[in-house]
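Hi everyone, and thanks for making room for me today. I'd like to walk you through one model, place by place. Let me put it up on the screen.

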Amino acid sequence: MKNNLSNKVILLTGGATGIGRDCALAYAREGAVVGIVDRNFEEARKTATEAGNNSFAIEADVSNGHAIELAVKALLDRFGRIDAIHNNAGIVGPSRPLHETSEAEWDELQNINLKSVYWTTKYGFEALVASKGTILNTASMVGLLGQQDHAAYVATKGGMISLTKAMAADYGKHGIRVNAVCPAIVWTPMLERWADSQSDPDATRQLFNEMSLLGYTPHGDVISDTAVFLLSDQSRFITGCILPVSGGAEIGYKR
Ligand SMILES: NC(=O)c1ccc[n+]([C@@H]2O[C@H](COP(=O)([O-])OP(=O)(O)OC[C@H]3O[C@@H](n4cnc5c(N)ncnc54)[C@H](O)[C@@H]3O)[C@@H](O)[C@H]2O)c1
C-alpha cells in the first residue's frame, strides 16, 4: 500500500464488478474507505468485503435520484465527509444504429450512463465543496471517436466527456477537480457479454487484441491504476482532463 488515498472517503458507482470492482479494491489498498453504490447488491457486498478498510455496499440504481440522495446520506452519516465521487456505473446497450434504437433503450442508456452524473453531483456537491474533493467519470474512447451501431451508447459517453469539461470549468473555483478516464477495450463481464452477442465472437476477440498498439486487451487494473492517480493529490493540478487509457487504439493507419 502506498497510501495515496489515505483516509479519503470515496463514493463509487458500479463498483460491484468489472472496472469498478478493480477500482474499489485499488482505492481501499491505497487507504480509502469506499462506498460501493450498485444495483447488484450481492456482488457489491462481496467486493466491499474483499476491499476491506471499512468499505461497504449500498444498493441503489444510479438512475434513481432519490436512491442516490440516500446513498450520499449513508456515506455522510457514517464518515462525515466525501472526498471523491467516481461515476463508473454503465450499461452498453443495443448494437443498433439510432433509428433502430427504441425509445425505451435510449432512455435507459441516458438515465444510467449520463443522468446518473447529474444525480451524484446534485446530492454530493456540498460534501465535495467541504472536502475540496474530486469527481472522476468513466467515459469511453467511443465518446471521442464514435462507433458504428452504438449511437445511443456513444451519445452518453460523448455527453459525459462534455460534462466533465463543463463541470471542471464551473467547480474549479471550489477547489473541485473533475476528470474523465476513457477506456477503449478492457476485459470485464460487460465486454464478455458484448463479445458473445456479436455474430462471430472469436473474430471479435481477435479484433480487440489488434485494436491497441500494444497488441493485447487488458483487464481493469489499467483503469484502476489511472483512477487512483486522478483521485489522489498526485494529480492536484489536473482538471478537465479526458484521459485515454487505450493502448493507443486511437492512433490511426497502423498498417
Ligand atoms: N469494458 C470496457 O471495455 C469499457 C470500455 C469503455 C468504457 N467502459 C465503461 O466502464 C464502465 C464500467 O464498465 P464494465 O465494463 O466494468 O461493466 P460491468 O458490467 O462489468 O460493470 C458495470 C457495473 O455497473 C453496475 N450498474 C449497471 N447499471 C447500474 C445501475 N442502473 N445502477 C447501479 N449500478 C449499475 C453493474 O451492476 C456493474 O457492477 C461503464 O461505464 C462502461 O461504459 C467499459
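Before anything else, please keep in mind that this is a predicted model. I'll begin with the second largest pocket, which has a volume of about 260 Å³. Its lining is made up of 18 residues, and those closest to the centre of the pocket are K132, G133, T134, G175 and R177. If you sort the lining of this second largest pocket by class, you get four nonpolar, seven polar and seven charged residues.

Now let's turn to the ligand. Which residues come nearest to the ligand? There are 29 residues around it, and the nearest are I19, D38, Y153, V186 and T188.

D38 deserves another look, as one of its polar side-chain atoms lies 2.6 Å from an oxygen atom of the ligand. T17 also has a polar side-chain atom facing a ligand oxygen atom, here at 3.1 Å. With D61, the partner is a nitrogen atom of the ligand, and a polar side-chain atom of D61 lies 2.9 Å from it. As for cover, the ligand on its own has 820 Å² of accessible area, and the protein covers 95% of that.

Where does the shell come from? Three elements give two or more residues to it: α1 (18-29), α6 (151-171) and α7 (189-197). The largest share is that of α7, with three residues. By class, the shell around the ligand holds 15 nonpolar, nine polar and five charged residues.

Next, the inside of the protein. How many cavities of 30 Å³ or more does the structure hold? There is one, and the space in this largest cavity is about 30 Å³. Its lining consists of T13, V62, N87, N88, A89, I112, N113, S116 and M160. Helix α4, residues 103-131, gives the most to that lining, with three residues. As for class, four of the lining residues of the largest cavity are nonpolar, five are polar and none is charged.

Last stop: charge pairs. As a reminder, side chains of opposite charge can pair when their charged atoms come close. Searching the whole structure turns up nine salt bridges. One of them joins the side chains of E50 and R21, with an N to O distance of 2.6 Å. Why pick this pair? E50 sits in helix α2 (residues 41-51) and R21 in helix α1, so the bridge ties together parts that are 29 residues apart in sequence. You may remember helix α1 from earlier, as one of the elements that give two or more residues to the shell around the ligand.

That's my tour. Thanks for listening, and I'm happy to go back to any of these places with you.

Definitions and conventions:
Residues are numbered from 1 along each chain as its sequence is written. This is a predicted model: local features need pLDDT of at least 70, side-chain atom pairs count only at pLDDT 80 or more; totals for chains, interfaces and linings use all residues. Side-chain values use heavy atoms; hydrogens and water are left out. A residue is near a molecule or strand if one of its heavy atoms lies within 4 Å of it. A polar contact is a pair of N or O atoms within 3.5 Å; within protein, one must be able to donate a hydrogen and the other to accept it, and residues adjacent in sequence count only if both atoms are side-chain atoms. Accessible areas come from the Shrake-Rupley method with a 1.4 Å probe; for residues, only the protein chains shown count as cover. Helices (H or I, at least four residues) and strands (E, at least two) are DSSP runs, numbered from the N terminus. Ala, Val, Leu, Ile, Met, Phe, Trp, Tyr, Cys and Pro count as nonpolar, Asp, Glu, Lys and Arg as charged, and the others, Gly among them, as polar. On a 1 Å grid over the protein atoms alone, a cavity is a set of points where a 1.4 Å probe fits but cannot get out, and a pocket is an open set with protein on both sides within 12 Å along at least five of seven lines; lining residues have an atom within 4 Å of a point. Grid points are joined across faces, edges and corners, and a volume is the space filled by probe spheres set on the points. A salt bridge is a side-chain nitrogen of Lys or Arg within 4 Å of a carboxyl oxygen of Asp or Glu.
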